Amino acid sequence: MDNPKRQLWLERADRLKEIRNMLRISRRVFCEQTGLPLTTVTYWETVTAHYPGIEERGAKRVAHAIVNSGCVVTPEWILTGKGMPLSLIHISEPTRLGMIS
């Protein structure tokens with residue numbers, strides 16, 4: 001694995017951890033709430049030579065899944081740190097959250 005790619009994956013891992021920290025939940029709870037496999041999120045957050053970091057498809061899954069947790073983020077922010085910044089939303093009507101994209 002070349003260093004620039006590894007550095008990119010590590011930065012993405014930091015942003016995933018930032019999402020969980022903002023929500024104040026563990027990796028396990030994050031996975032339970034989003035339906036993402038614990039092993040997958042663990043690999044994304046710990047980046048090794050055998051398990052690279054999150055890519056576009058995974059970033060889209062995370063962005064879509066965490067809306068119900070009260071957090072709004074774009075795949076672009078997860079991947080690059082650019083675009084709409086990570087933010088919390090006030091949940092008053094959970095059934096309407098599926099409408100947020």
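A residue counts as buried when its relative accessible area is under 20%. By that cut-off, 36% of the 101 residues of the chain are buried. The model on screen is predicted.

**Whole chain.** Start with a cartoon view coloured by secondary structure. The chain has 5 helices and 2 strands. Read from the N terminus, the elements follow the order α-α-α-α-β-α-β. Switch to a surface representation next: the accessible surface amounts to about 6200 Å², and carbon and sulfur atoms account for 52% of that area. For a contact map, take the pairs at least 6 apart in sequence; 49% of these contacts join residues at least 24 apart.

**The core.** Select Ile19, Phe30, Val62, Val73 and Ile78 and show their side chains. These residues have the most contacts inside the largest nonpolar core, which holds 20 residues. Now colour the helices that feed this core: H1 (3-23), H2 (27-34), H3 (38-46), H4 (56-65) and H5 (75-80) each contribute at least two residues to it.

**Isoleucine 19.** Centre the view on Ile19 and leave out residues up to four places away in sequence. Which residues does isoleucine 19 touch? Its contacts are Phe30, Val62, Ile66, Cys71, Val73, Trp77, Ile78 and Leu86. Among them, Phe30, Val62, Val73 and Ile78 can stay selected from the previous stop.

**Helix H2.** Select 27-34 and look down the helix axis. The buried residues here are Phe30, Cys31 and Thr34. Why do they lie on the same side of H2? They cover an arc of only 95° around the axis, so they share one side of the helix. Turn to the other side of H2, where Arg28 and Glu32 are exposed. Then add the neighbouring helices to the view: the buried residues of H2 pack against H1, H3 and H4. Step off the end of the helix to glycine 35, which follows H2 and has a positive phi, near 80°.

**Two cysteines.** Select Cys31 and Cys71. Are they buried or exposed? Cysteine 31 has 7% relative accessibility and therefore counts as buried. Cysteine 71 is at 0% relative accessibility, so this residue counts as buried too. Cys71 was already on screen as one of the contacts of isoleucine 19, and Cys31 as one of the buried residues of H2.

To finish, check the sulfur atoms. A disulfide is a covalent bond between the sulfur atoms of two cysteines. With a cut-off of 2.5 Å between cysteine sulfur atoms, the model has 0 disulfides.

Notes. Residues are numbered from 1 along each chain as its sequence is written. This is a predicted model: local features need pLDDT of at least 70, side-chain atom pairs count only at pLDDT 80 or more; totals for chains, interfaces and linings use all residues. Side-chain values use heavy atoms; hydrogens and water are left out. A nonpolar core is a set of buried Ala, Val, Leu, Ile, Met, Phe, Trp, Tyr and Cys residues joined through side-chain atoms within 4.5 Å. Buried means under 20% relative accessible area, exposed over 50%, partly exposed in between (1.4 Å probe, protein chains only). Helices (H or I, at least four residues) and strands (E, at least two) are DSSP runs, numbered from the N terminus. Contact means heavy atoms within 4.5 Å. The arc is that of the directions from the helix axis to the C-beta atoms. Accessible areas come from the Shrake-Rupley method with a 1.4 Å probe; for residues, only the protein chains shown count as cover.
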